[in-house]
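Trainee: Please take one part of this model and go through it closely. I would like the sheet and the helices that lie across it, in one connected account.

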Amino acid sequence: MKQLTTIILKPSAVIIVMLLSFGGILGLFEYYDYETKRLMQKSDQAHELVRAWNDLVSSTKDLPIANDLYSARQRWINSIAKFDQDLKRFILSDVARDLMQQDAELKSKIEATSNLWYVIKPRIESVKFGFDEYLSQSDQKTVPGKRSLLHELMYQMEQRGQSMDYVLLFDLTYDIEYMVSSLNRYFIADLSDAIKILDGIVNRKSQRIILVARISAILIFAFTIFFILFSQRALNASTTRLKLLSTQLIQVGEKERKRISHELHDEVGQGLTAAKFSIENTLDLVEKGNITESVNSLNRAVALIQNTISEARKISISLRPAMIDQLGIGPTISWFCREYQKTYAGIAIEQLINIREESVPNELKIVVYRVLQESLTNIAKHSKASHITISLAQHDGRLTFSVEDNGRGFDVPGMSANPTIQNGFGLISMRERVELSSGEFEIYSAEGKGTTISAGWKL
């Protein structure tokens, strides 16, 4: 949850998530639009096949009654070629194969349609051959005007002497009528059934696609609303935390000023005052000629001044230890631990400093020191620990610092949710200090199981 909150609070992350959401919506609708167009294209192909079929039947019926036999024959041959081409395109398309795998009834109808067509094609070739044979013989005769096949058949029936023409015409018209009857009786039934099944599949697919698109749009919209609400909640929580931290920082600053003021007054001020009186007393003794007492008074003044210098140095170190800049973070940690154990002798400290001084950036040294200072102060106040382990190391291009104790521990979520000035703001200030320096801060603790403060930076 913390990582999610951190990501959401970044403007770039918000923009990326929003762009991905809208991109997902557009991609989803593009996919559904593509699928719908494929199905509609297949439906259009099926209806185009029906139109081609109707044109084939119509041109076949026109063969016996058309006055222009050559035009009727050419139209009929073109209709056959177009229907054959449309049927192959319909059966061999990817969409048809996919739908045939999903619907066994559609598969059987399409296969029956294909088989019937290839059974009927030899009859068509026979009719074509007979038609061409008749036309080739008609070209050698003188026929007044244009007559249809039926007219010619009736004429030949009257002219019984021309028996070969009569037989040829009779067979040709019979074959044409039989072919039309066969096509209408068997082939069109299976083709119509296939078209109906295909239309039903297209309708069901379209409705399913529309339903899925609506559900997807609702889910994406709900996710967007959730994302906005969660972002607002995280932002409000962060704002509240920053306000509390600002309040705490102001109070801590005032408390620190008050402490420095008291120390300057009680230690430095009083020491300087005492030294002043001691020097004035020495001057009086010198005027009276009492050399021995004058020397003793000067020695006391020197001691007072030395003590005052020591107190001033302590105040300076508490603000920022100079040895961080002079000696480095390693010696500073060792010095702080020694001073700490002088005050808290019952707490053992183990130091694991496995890093070269030049590997620690200067801007991180004071951050490490402040985290150490705050951690050890919290341990002394709240932990009741008897052992502390301090670790500073470099691993895989990262600087890691941790402070672990065997104290009583605490509830981390509860402390983070309800911090107070006396309890919890030290943890917040450590976290803010580490994160402002582009680091990662973690607290691992549970009641009765001790506490580990961990900070890491990418070098």
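Mentor: In the hairpin of strand 4 and strand 5, five residues lie between the strands, and one of the residues there to look at is Gly 448, with a positive phi near 85°. This is a predicted model, so the description is of a prediction. The two strands of the hairpin, strand 4 (residues 439-445) and strand 5, run antiparallel and are joined by seven bridges. Within this pair, Glu 440 stands opposite Gly 456 of strand 5.

Strand 5 (residues 451-458) also pairs with strand 3 (residues 398-405), again antiparallel, through eight bridges. Here Arg 398 is the residue opposite Lys 458 of strand 5. In general, strands of a sheet pair through backbone hydrogen bonds, either parallel or antiparallel.

These pairs belong to an open sheet of five strands, ordered 1-2-3-5-4, with mixed pairing. Its edges are strand 1 (348-354) and strand 4, each of which pairs on one side only. From one strand to the next, the twist averages 10°.

Now the helices. Helix 10 lies across strand 1, strand 2 (387-395) and strand 3, and its direction is at about 180° to strand 1. Helix 11 lies across strand 1, strand 2, strand 3 and strand 5, and runs at about 15° to strand 3.

The two helices also meet each other. The axes of helix 10 (residues 329-343) and helix 11 (residues 362-383) come within 11 Å and cross at roughly 20°. Because of that angle, helix 10 counts as roughly parallel to helix 11. The crossing of helix 10 past helix 11 is right-handed.

On the helix 10 side, the contact is made by Ile 329, Thr 332, Ile 333, Trp 335, Phe 336 and Tyr 340. Helix 11 contributes Lys 365, Val 368, Tyr 369, Leu 372, Gln 373, Leu 376, Ile 379 and Ala 380. Sorted by class, the residues of this contact are 11 nonpolar, two polar and one charged.

To put the part together: the sheet has the order 1-2-3-5-4, with strand 5 bridged to strand 3 and to strand 4. Helix 10 lies across strands 1, 2 and 3, while helix 11 lies across these strands and strand 5.

Key:
Residues are numbered from 1 along each chain as its sequence is written. This is a predicted model: local features need pLDDT of at least 70, side-chain atom pairs count only at pLDDT 80 or more; totals for chains, interfaces and linings use all residues. Side-chain values use heavy atoms; hydrogens and water are left out. Two strands pair if DSSP finds at least two bridges between them. Helices (H or I, at least four residues) and strands (E, at least two) are DSSP runs, numbered from the N terminus. Axes are lines fitted to C-alpha atoms, for helices over the stretch in contact, and angles run from 0 to 180 degrees between N-to-C directions. Angles under 35 degrees count as roughly parallel, over 145 as roughly antiparallel, 65 to 115 as roughly perpendicular and the rest as oblique. A crossing is left-handed if the near helix is turned anticlockwise from the far one by less than a right angle, and right-handed if clockwise. Contact means heavy atoms within 4.5 Å. Ala, Val, Leu, Ile, Met, Phe, Trp, Tyr, Cys and Pro count as nonpolar, Asp, Glu, Lys and Arg as charged, and the others, Gly among them, as polar.
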